[in-house]
Amino acid sequence: MVQFSDEQLKKVQEIVERYPDGKQKSALIPVLHLAQETFGGWLSAESLDYVASLLKIEPIEVYEVATFYSMYNLKPVGRYVFEVCQTGPCMVKGSDDIVDHIKTTLGIGVNETTADGLFTLKTVECLGACGYAPMMQLGKHFREHLTKEKVDGIVAELRAKAGN
Amino acid sequence: MGRKLLLEKAHVEGIRTYEVYRREGGYRSVEKALKTMSPDQVTEEVKKSGLRGRGGAGFPAGMKWSFLAKPEGVPRYLVCNADESEPGTFKDRYLMEFLPHLLIEGLIVASYALGSERTYIYIRGEYAWIVDILEHAIAEANANGFLGKNILGTGFNCQIYVQRGAGAYICGEETALIESLEGKRGNPRIKPPFPAVKGLWDCPTVVNNVETLAAVVPIIDMGGEEYAKIGVGKSTGTKLISACGNINKPGVYEIDMTISVEEFIYSDEYCGGIANGKRLKACIPGGSSVPILPANLLLKTAKGEQRMMNYESLSDGGFATGSMMGSGGFIVLDEDQCVVRNTLTLARFYRHESCGQCSPCREGTGWMEKILKNIETGKGKMSDIDLLWDIQRKIEGNTICPLGDAAAWPVAAAIRHFRDEFEWHVNNPVESQHRNFGLAHYADPLPVPVTA
């Protein structure tokens, strides 16, 4: 069963208090972020129902939001998700080569996860780092000015971090 | 060196902290506005400044403020649009990341002018680390009495909250942003009613871009009239341009709108010229939605005049031979870039970001992507080019929000100016898979080797 810790519930309360009384539905997007971070990097139907019960709204109101925004993962993902931008400004700076290199290095396609559950590759649309292209989002941060060597370094760094 | 009003202090060590920002003259505009001016006087100064919305539409900010309805007993809201998502645009990120207090200061002044006691910064979900920077700055402003109850003893109460989005370009459209802030899908609303009358939680609301709100700080500091003296014509003040693509020095630059496009691209103070000794092929000067221009029309208008980096000059010639200032996302393409491929990535972007409410946009963006993909991969027919033109015409103007137009314009402009590159793809389905069309004959006034 999914359940926030007391500290996280306090955080939810804090978020709800940002809005006038009765407007707690506004907390939905931030709380879904919190749920995704807490419950394994993705949102199961159970997590969505839990968020609905916390905010006292109908589950359908949560589903329609969770399915609209691209940052919510509705299926399990690897521990590290490479989200490589492929829109125009990144494309002209070679993002296609970066995507191909990641595919070869990890032996996975786009929207696939490595067998060890460590890496998922996704392609995304413009993340607002056009001047520092090519780039990808990795967790909370951007990795920019990517080269094949840099990608290799990131993979090695994450493997070391995971103890593999 | 052009005059800098926003980024002047960006490189001061520690400027992200309240202490350094304050020591460098920060929060002077809050003191001036709250202690010596009425809310209406603040709005009046912004009107006088001629400041135009920096998010893309360029609507006069002071006028937008003056439209705000003020019924008795109903709260009013200011929402800062930090959902920067237009491909090519990364200026607001730079402002928030390096000068968070400048935005907070602008927000306090604007909140005072509009009577907003709860002010929200709606930031795109991917800028997750910037949320921490902004929340830290807000906490510092609270600790120093610039936010909270009875600010500077004036009786004005205000709190600022940061709301993270979750990945949706459409939420940069103000009514979609409001829907999202209410915890819903980012589906734009039909206007009217405008947010100024019925916005967040059906209350009167102003939505302004990050850079617009930051510009309020120098406007109050120097006065609206002084600010209006900078720049040219209706392009007053300074503008942040985020430059990217095939240039030597990508980055965020503050310009005073009196420099030429040529100077912006080639001078070392700005883009530093085209990278790797290549030649300029084309440029999208104001974010992915605005029309792409070939080099010759970019540097000079159809009348043969020097094209300048300001609202009027960039749009000179309309869509036939001009473009737009837009959000200031300046994307430069060199001679090795393929216009068809570039247009395909933009069409894919808009298909991905269409909210799906209006059929012309929901269906049309998908069709355009599919047809462009066929042309790009050597499976296109000559009639596809006319079909693309027809589809974009039927999207433009037929949707609730401007995303439809934004999806149509890049396709239209690419065909308008680079039709022979599209035709070359169709006529050379094999060759186009391993080499690019190269520099078009019209993209450079100098004689160039025949490349196609």
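The following exchange looks at helix packing in chain B and at its contact with chain A.

Visitor: How do you know what kind of model this is, and how are its parts labelled?
Guide: This is a predicted model, in which local features need pLDDT of at least 70, side-chain atom pairs count only at pLDDT 80 or more, and totals for chains, interfaces and linings use all residues. Residues are numbered from 1 along each chain as its sequence is written, while chains are lettered from A and ligands numbered from 1 in the order in which they are written.

Visitor: Why are H6(B) and H9(B) called roughly perpendicular?
Guide: The axes of H6(B) (residues 100-114) and H9(B) (residues 210-222) cross at roughly 75° and come within 8 Å. Angles of 65 to 115 degrees count as roughly perpendicular, under 35 as roughly parallel, over 145 as roughly antiparallel and the rest as oblique, and the pair is therefore roughly perpendicular.

Visitor: What makes H5(B) oblique to H9(B)?
Guide: H5(B) (residues 91-98) packs against H9(B) at about 50°, with the axes 9 Å apart, and that angle makes H5(B) oblique to H9(B). Among the residues that make this contact (C-beta atoms, placed from the backbone, within 7 Å) are Leu95(B) and Met96(B) of H5(B) and Ala214(B) of H9(B).

Visitor: Which element supplies the largest share of the side of chain B that touches chain A?
Guide: H15(B) does, with seven residues, in a contact that takes 47 residues from chain B and 35 residues from chain A. Strand S4 (156-164) and helix H7 (128-143) of chain B are among the elements that each supply at least two residues of that side.

Terms used: Axes fitted to C-alpha atoms, helices over the stretch in contact; angles between N-to-C directions. Helix = DSSP H or I, 4+ residues; strand = E, 2+ residues; numbered from the N terminus. Contact = placed C-beta atoms within 7 Å.
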